[in-house]
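The following note is offered to a colleague who is meeting this structure for the first time. It takes up single residues, helix packing and the surface in turn.

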Amino acid sequence: MSDIKFSSEEKPLIVAKLQRYFSEELKQQIGRFDAEFLIDFISEEIGGYYYNRGVYDAQTVVAARLEDIGDQLFQLERRTDFKR
């Protein structure tokens, strides 16, 4: 897995959300540099857990779709004397 990196468009949006959270919920001000540092820390130390959860969720969706496809293919089979 490669490192979790945010684009130059994404990072300022995330920083603003973190600063707003600190201000509204914690009644503390956090500067841009500190917010970026915290985002980097969270990405490095905790991001893998969120990433893996997304991968597991995607695997579940793909497995369900493949099962549906298998069922649909089975329905397409025609009766023959040949046994598998």
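1. The place to begin is Ser 43, which lies in helix α2. The model under discussion is a predicted one. With a relative accessible area of 13%, Ser 43 is buried, because buried residues are those under 20%. When its neighbours within four places in sequence are left aside, the residues in contact with Ser 43 are Ile 4, Phe 6 and Gly 48.

2. The next point concerns how α2 meets α3. The two helices span residues 32-45 and 47-76 respectively. Their axes come within 4 Å and cross at roughly 55 degrees. The pair α2 and α3 is therefore oblique. On the side of α2, the contact is made by Ile 42, Ser 43 and Glu 45; on the side of α3, Gly 47, Gly 48 and Tyr 49 take part.

3. Helix α2 should also be considered with α1, which covers residues 10-25. The axes of α1 and α2 come within 9 Å, and their crossing angle is roughly 105 degrees. That angle makes α1 roughly perpendicular to α2, since values from 65 to 115 degrees fall in that class. From α1, the residues making this contact are Lys 11, Ile 14, Val 15, Leu 18, Gln 19 and Phe 22. From α2, they are Arg 32, Ala 35, Glu 36, Leu 38, Ile 39 and Asp 40.

4. Attention may now turn to the surface. Which residues form the nonpolar patch there? They are Phe 41, Ile 42, Ile 46, Tyr 49 and Tyr 50, and together they have about 580 Å² of accessible area. Helices α2 and α3 each supply at least two residues of this patch. Two of its members, Ile 42 and Tyr 49, also belong to the contact between α2 and α3.

5. Within the patch, Tyr 50 merits separate mention. This residue is found in helix α3. Is Tyr 50 buried or exposed? Tyr 50 has a relative accessible area of 65% and is exposed, because the class of exposed residues begins over 50%.

6. A last point concerns Glu 67, another residue of helix α3. Its relative accessibility is 55%, so Glu 67 counts as exposed. Glu 67 and Ser 7 are 60 residues apart along the chain, and a distance of 36 Å separates their C-alpha atoms.

Note on methods
Residues are numbered from 1 along each chain as its sequence is written. This is a predicted model: local features need pLDDT of at least 70, side-chain atom pairs count only at pLDDT 80 or more; totals for chains, interfaces and linings use all residues. Side-chain values use heavy atoms; hydrogens and water are left out. Patches are made of residues with over 30% relative accessible area and no salt bridge: like charges are joined within 9 Å, nonpolar side chains (Val, Leu, Ile, Met, Phe, Trp, Tyr) within 5 Å. Accessible areas come from the Shrake-Rupley method with a 1.4 Å probe; for residues, only the protein chains shown count as cover. A salt bridge is a side-chain nitrogen of Lys or Arg within 4 Å of a carboxyl oxygen of Asp or Glu. Buried means under 20% relative accessible area, exposed over 50%, partly exposed in between (1.4 Å probe, protein chains only). Axes are lines fitted to C-alpha atoms, for helices over the stretch in contact, and angles run from 0 to 180 degrees between N-to-C directions. Angles under 35 degrees count as roughly parallel, over 145 as roughly antiparallel, 65 to 115 as roughly perpendicular and the rest as oblique. Contact means heavy atoms within 4.5 Å.
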